[in-house]
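Trainee: Got a minute to go through this one with me? I have a few loose questions.
Mentor: Go ahead, put it up.

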Amino acid sequence: MTTASTRRMPPRKSVQTVIYHAAMLLIAGIFLLPFYWMTISAFKNNAEIFARPVTWFPDPIRWSNIAELFNRDDFPFLIQFGNSVFYAGSVALAVCFSCSLAAYSFGCLRWRWRDLVFGLTVCALLLPGIVTFLPVYLGWSRLGLNGTYWPLITPFLFGDAFFIFMLRQFYMGVPRELLDAARLDGASEFRIWWQIALPQVWTALVIVGLFAVVYTWNEFFSPLIYLQDREDFPLSVGLFTFQANRAREWSISMAGALFAALPMVVLFLLTQRLFRQGLASSSLK
Amino acid sequence: MGAVQLTGVRKLFGALEVIKGVDLSIADGELVVFVGPSGCGKSTLLRMIAGLEDVDYGDIRIAGADVTELAPARRGVAMVFQNYALYPHMTAYDNLAYGLRRAGMARAEVDARVRETAALLQITELLPRRPKAMSGGQRQRVAIGRAIVRKPEVFLFDEPLSNLDAALRVEMRSQIARLHQELQATMIFVTHDQVEAMTLADRIVVLNAGRVEQVGTPSEVYHNPANLFVAGFIGSPAMNLLPATVGQGGRLTLAWGTTMAGPACSSGMAGQSLTLGLRPDRLSLVPQAQAQASGQVTLAEHLGDESILHVRLPIGQSLTVKASGDVAARLGDTVHLGFDMTHAALFGADGQAMRSA
């Protein structure tokens, strides 16, 4: 029995809690295993990669694989890495700008047929990209822009249904009075968006930017279709073509994959606090 | 200068008419309070004056000019919002300066105006702070400063004290009253708090379901309500409304049989059904021999300096009595009530006031 003078002990962890944590650790391990396998494979040679029994740590660590990755003539890794940075960065900027403007209009402004237009925009989410691919491809061909990044980046200047939907939820959380106060202060609608509304949803914008970067960094189909030259490929397509042409060189492929994945991991680690904040606040809207 | 004139103003949201033809004149320098229950349209009407809601019919004039179609910033109005609406990512200084900068004012002039306003409201030390580093009262003072700094023709207050605690509300109320005296500006103040309305207003506009029920000084609205709605809404506790009929000789017969001389009653009105309105402070506890009604106490609220007794008569009618604080009546006690007919109001079958005594 607990008396007033006896300090209460925190309740002991139940068996369920232990099982829960064990299960979570197992699932986390399953998800991390491929990444770990890729990492150690990047520092082995082919024989070591396929050796049985499996070695869980490279011995010796073959740093030469990395040097070879950066210096091969048939795999312009650094150029393709730069292409990926350009592609992902451009799409992220385009998405943040266009979707933010559209979402502000859907979330904060009142205009005739607004909800109908928003509904149609959301309906675009239901349309598989492959359905519209052919007419869009033919359109860009007619414009003579195949083989460039224009077809890959330009569409995002006109928004993306998913990101518009996501940002709208955040904009709806901006107090209407804040925007009204700015109107009374004489700000134009564009200035209200830029100077008043946008600073209130910037964590959401970071999330949208991150999503756009990750999506574009891993995008494979569109660059494969629209780009022809190896020097123009982003890493996603570059790695695939290298693997297709040099099927036996698993260690170089794994080193390439490692360096292709690292920027995303670093980006997430740097922004994870904002990411969590933004997702948490979006769930409160 | 800052007179406001509303003529036939109506507002529809789809098929729903929320403002049903408001005609109102507010004189320059007057402090008018819009009061009414939730959803009566008082905030919508204020937002229409500010230009934040479109006017579907009618027109709005400020200082003689038709502003019905003008953008909010060009109407010469400033507004203080219930939730302050300070820009959270800007300092108090920038909040005050934002509108002036938008108006293209020179930097030195902006600085002078901001500091002059801050001094007036004693918020100079808050100028470098962001809203999240301020208390509710400080935020509201900055919000008022943002309105004052633009030197508008008309100040609009949309329930600005609702988010403050009781003590701060009283303090801010007196500060607004003081500002009104100092600035001599036209102010329109929206509230559902009757105490705010009664203490601040030069005139009160009572709104109900998008219609103006009565416009008058606080005293007029309190003592001479224009209709049953105003009688029931203004005053806390609410006015007692007692069904009565006019008998021979113009005497009123109440539902439980008591007869008395009623205000504005004549023999010609015999047989008419009316409603007698009596404020709770016009009812008092009296000895049984002098009583005009007797009933059982169903709730006794002892507030210190006064007690509010809720009394149920045998016929089911409930009465509210405002008695002195030392009254000893408790739940279940039988009490005897006397009626003071001073300021009693009489309402016809259509709910409109017949005349106040």
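Mentor: One term before you start: buried means under 20% relative accessible area, exposed means over 50%, and partly exposed is in between. Also, this is a predicted model.

Trainee: Fine. Is B:Thr124 buried or exposed, or in between?
Mentor: B:Thr124 has a relative accessible area of 40%, so that residue counts as partly exposed.

Trainee: Where is B:Thr124 in chain B?
Mentor: In the loop between helix H3 (107-121) and helix H4 (136-148) of chain B.

Trainee: And what is B:Thr124 in contact with, leaving aside neighbours within four places in sequence?
Mentor: B:Ala118 and B:Ala119.

Trainee: How far apart are B:Thr124 and B:Asp54?
Mentor: In sequence, 70 residues; in space, 37 Å from C-alpha to C-alpha.

Trainee: Switching to cysteines. How many disulfides does a search of the whole structure find?
Mentor: The count is 0 over all chains.

Trainee: Why is there no bond from A:Cys96?
Mentor: Because the closest cysteine sulfur, in A:Cys99, is 7.9 Å from that of A:Cys96, which is too far. A disulfide needs the two sulfur atoms within 2.5 Å.

Trainee: Are those two buried or exposed?
Mentor: A:Cys96 counts as buried, at 16% relative accessibility. A:Cys99 is buried as well, at 0%.

Trainee: Last one, helix H3 of chain A. Which residues are buried there?
Mentor: In that helix, residues 64-71, the buried ones are A:Asn65, A:Ile66 and A:Leu69. They cover an arc of only 100 degrees around the axis, so they sit on the same side of H3(A).

Trainee: Why would spacing like that do it?
Mentor: An α-helix has 3.6 residues a turn, so residues three or four places apart point the same way.

Technical notes:
Residues numbered from 1 in each chain as written. Chains lettered and ligands numbered in written order. Predicted model: local features only at pLDDT ≥ 70, side-chain atom pairs only at ≥ 80, totals over all residues. Heavy atoms only, no water. Buried < 20%, exposed > 50% of the residue type's maximum accessible area, 1.4 Å probe, protein only. Helix = DSSP H or I, 4+ residues; strand = E, 2+ residues; numbered from the N terminus. Arc of directions from axis to C-beta. Contact = heavy atoms within 4.5 Å.
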